[in-house]
Amino acid sequence: MSSVRLADYRPAPYLLSRTDLTVRLYGDHALVEAQLRFAPNPAANEADGAGASGEPLWLAGIALTLESLQIDGLTLASEAYALESEGLMIKAPPAAPFVLQSRVRIEPHSNTTLEGLYVSGGLFTTQCEAEGFRRITFHPDRPDLLSRFRVRIEAEHSSCPVLLSNGNCIDSGPLDQGRHYAIWDDPFPKPSYLFALVAGVLEERRELFTTASGRSVQLRLHVEPGDLTYTEHAMASLRRAMRWDEQRYGLEYDLDEYNIVAVRHFNMGAMENKSLNIFNSKLVLADHEIATDEELERIESVIAHEYFHNWTGNRITCRDWFQLSLKEGLTVFRDQSFTSDLHGAAINRIENVSILRNTQFREDSGPTAHPVQPDAYQAIDNFYTTTIYEKGSEVIRMLHTLLGEETFMRGMTLYVSRHDGSAATCDDFVRAMEDAATLAWDEAQESSDSCRFDFAQFKRWYHQAGTPVLQIQRNWDGSCGELELHIRQHTPPTPGQPHKQAVVIPLVLGLVGQGGEPLPVQLEGEDPETAQEQDLPPSWGRRSRLLVIDQPEVQLRLCGLPKQHHPPALSLLRQFSAPIKLDLGRPVAELVHLLAHDSDPLARWDAGQLLLKRAVLARSQGQHDAQLEEELGDAFGRILNDPSLSQASKALLLSLPGQPELEDAAQQAGHKPDPPALFAAAQSLRQRLGQALATTLLQQLEACQTEWTQSWPHGQGDRRLSGLIWAWRSAAGDAAVIAQARAAVDGASMTLARYGLAALQHHDRPERQAASEAFYARWQHRPVILDSWFALEASAPFGDGLARVQRLLEHPRYDPNAPNSVRAVLGGLAGNAPVFHAADGNGYRFMARQIADLDGRNPITASRLAKVFSRWRSYGTERAAQMHSALSTLAQAELSANTGEVVQQCLAEDNHG
Ligand code: PHE
Ligand code: ZN
């Protein structure tokens, strides 16, 4: 399999001004006619130093049956082109503008890849990002070619009354034989990956939105008949997103129509096609009875994410797929800001950091690690990763932190004005930020000197994979109140990148005095007044100080501190100001102090996480640390009783780190992680804390209950804390709580029902069985909800887990073509530590067989799943050998390019995971 390289990028030899399509849909196939208007690209010819024209023209095309091919109305002789399995080459196109016309036949009904045009539950739908358009027609299909699209759709009226594409519907009407047509015209030139078409039986919710400048936009949300009652939340979310983008970024919607369609069979979450977003139905259909609080918030953020893409992605798109994070990292940053504005910055940040650490950090330290801007790939679909998205967003966030809101927004304005209507690069984005910074720094002269940095160096964040580590040593001089910090940064090697250079790290820190009071951070030689002039967002901890660490090693002296025997507690990486790991010895007492007093919500939470990790780790090695656990119990008791904390904050502060983080902590402590032991240790710690804090937990539960019936977002913190208390008290064997958790499944709140199920999940008790059966009986006819039941059953950590998973795969309601169901069952199994990681290796072999089988139907979903094997080298010898053998068997199967690439990366020698 060959790689595509960033270094090989060349401008297209022919520009494309128009893509005119006629798509005829039938009961068992479709015909697609395309008229593409090309002209030689002067820029390309200049770049190559070649003559004015004569270059061959490559049209990508996969799984297309070519029926006719013409240039300027004349059929092409067979010698004039070469037809290959992945496209066709026009050998000598005209030197002047020309029209290329083709007709192909395609088979959407048997297309299980869910790329290109396919049928989902009787609905014709498309997915073109990244390279699906070539499964619809012959086309250059590259993101730097923006053309105007006009699309005529023809289909049978009874089975496809609704015909949708991008832009505005300019004409529609009846045809012979019960058929009809619609013509859609999109005034904005766009790359082919943003094309979309939908045809089928749909019901719609329609609302008008008036933009800031007073234009009226028709919002339409299309769902399967019967689902309209579940669209209110998605519609309201869309309105909030549109308003927010106007208010915060000054960006308004640009067309008269905005459509969202929900489809059951979809590889990803959702897709930002111009004015015709297509969504995985689980991210549209929702209300408090059928979706959890977490799902409601997620839906709101994905609706916003796709909407925000209209500017950051569609109006300004990516030059090539190496620039994917240009649109994804930035748009994630925007949707995260949206959610924090709406629902609270502190909590949102903690949730996002937790996701980052459990997914991106793991990826970054394994065989599939890659930079935010990769320089080579085999299958582009494999690069829709947490690194491109979440780390990409962290990189933007660091720019925001370093520059401040005002300068960052100036940079955004520059970026939009320079690149609107074109395909840009990550460098273009950083350049806009740099130009804004230069202006601001010139205006400010000396004052904000400490936060200046070198943009060229900053860009290493785009090119270096791996999570940087900051190693910190402290020296406290109590006699003069000075704290010396010795800071060293290094980034571990990753595949293909053995040596790393120093990056620019915005490090936000604070000092907490013995009474819990914030102390000023004053550097040596600074006057105490100016030391506190930095103007950081109000959501940061009190007296926070932003430092720029851009050298491999730095020495800092913090002065003017109280002259005491004990140093003040060091609150580091406040708000998680950079996506890095910290390495410093921190005594339990210091962490307990920070957990009690740190005014920065993230650093406070993180102190608790560190303590929890230590406690779980000790238990997993059979040496539970009674004193640490007692201190933790006491600290949590005080947190639970603290009236100044919201219930949501309490729930977050008490939540145990995820399994990937626990494995990582074990590794950092120099052990080979033992997943089943860590899993069991976490559960036994819940049991212990559940016992130790019984009275306080039950008091809190009672207080929470009064808020249960409030509807989202109200009462969500109370429900969340209730879920945590249920889990802890169920683990401790509290019969009354177990009964309450069981009963929640029959109640009116999906959030409580799922917390109830989760609380009962760990033990094979009759109540668990009853709850699971009741949930199934109640929701068996709603596939989206049933997926959560599939996931729960697949991850039950007791009994014969593999036999249970096998039964689920054969279950009459299991749909092997729905990625959501596949992920529920196989993803559920992968998250089931005792079963997946069982010492006999049966879990691994089972998974490998399932992935090979899935790969035949859906390579995109299969290759994403194959990453469950990526950490094999980090485990102990026997487990690693079992995992390796399962991987090797998988490697011998006939695999798609997508899955082949992942498996090959996992097996490669140059693998530092
Ligand atoms: N571009 C989509 C998003 O992030 C994700 C996606 C990628 C969807 C590829 C489908 C296929 O919003
Ligand atoms: Zn996106």
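**Figure 1. Five cavities turn up in this predicted model.** A search of the whole structure finds five cavities of 30 Å³ or more. This is a predicted model, so bear that in mind for every view here. As for how such spaces come to light, rolling a probe the size of a water molecule over the atoms shows where empty space is left.

**Figure 2. A close-up of the largest cavity, which holds about 90 Å³ of space.** Its walls are made by R357, F361, R362, P660, E661, E663, D664, Q667, P673, R871 and S874. Two elements, α5 (345-364) and α14 (659-668), each give two or more residues to this lining. The largest share comes from α14, with five residues. Sort the lining residues by kind and you get six charged, three nonpolar and two polar.

**Figure 3. Three side chains hold the zinc ion (ligand 2).** Here you can pick out H305 and H309, each reaching the metal through NE2, along with E328 through OE. The distances run from 1.9 to 2.0 Å. Along the chain, these donors follow the spacing H-x3-H-x18-E. H305 and E328 link distant parts of the chain: H305 sits in helix α3 (residues 293-308) and E328 in helix α4 (residues 324-343), 23 residues apart.

**Figure 4. Are H305 and E328 buried or exposed?** H305 counts as buried because its relative accessibility is 8%, with the cut-off for buried set at under 20%. E328 is buried too, with a relative accessible area of 1%.

**Figure 5. G54 sits in a loop.** Look for G54 between α1 (42-48) and β4 (57-60). G54 has 43% relative accessibility, so it counts as partly exposed. Setting aside neighbours within four places in sequence, G54 is in contact with Y14 and K91. P13 is 41 residues away from G54 along the chain, yet their C-alpha atoms are separated by 9.4 Å.

**Figure 6. Stepping back to the protein chain that frames these views.** How many helices and strands does the protein chain have? There are 28 helices and 33 strands. Along the principal axes, the C-alpha atoms fill a box of roughly 90 × 70 × 60 Å. The radius of gyration of the protein chain is 28 Å, which agrees with a compact globule, because one with 913 residues would come out near 29 Å. Buried residues make up 59% of the 913 residues. Take the contacts between residues at least 6 apart in sequence, and 72% of them join residues at least 24 apart.

Notes. Residues are numbered from 1 along each chain as its sequence is written. Chains are lettered from A and ligands numbered from 1 in the order in which they are written. This is a predicted model: local features need pLDDT of at least 70, side-chain atom pairs count only at pLDDT 80 or more; totals for chains, interfaces and linings use all residues. Side-chain values use heavy atoms; hydrogens and water are left out. Helices (H or I, at least four residues) and strands (E, at least two) are DSSP runs, numbered from the N terminus. Buried means under 20% relative accessible area, exposed over 50%, partly exposed in between (1.4 Å probe, protein chains only). Contact means heavy atoms within 4.5 Å. Donors are N, O and S atoms within 2.8 Å of the metal (3.2 Å for Na, K and Ca); water is not among the atoms, so sites may look incomplete. On a 1 Å grid over the protein atoms alone, a cavity is a set of points where a 1.4 Å probe fits but cannot get out, and a pocket is an open set with protein on both sides within 12 Å along at least five of seven lines; lining residues have an atom within 4 Å of a point. Grid points are joined across faces, edges and corners, and a volume is the space filled by probe spheres set on the points. Ala, Val, Leu, Ile, Met, Phe, Trp, Tyr, Cys and Pro count as nonpolar, Asp, Glu, Lys and Arg as charged, and the others, Gly among them, as polar. The radius of gyration is taken over C-alpha atoms; the globule rule is 2.2 Å times the number of residues to the power 0.38.
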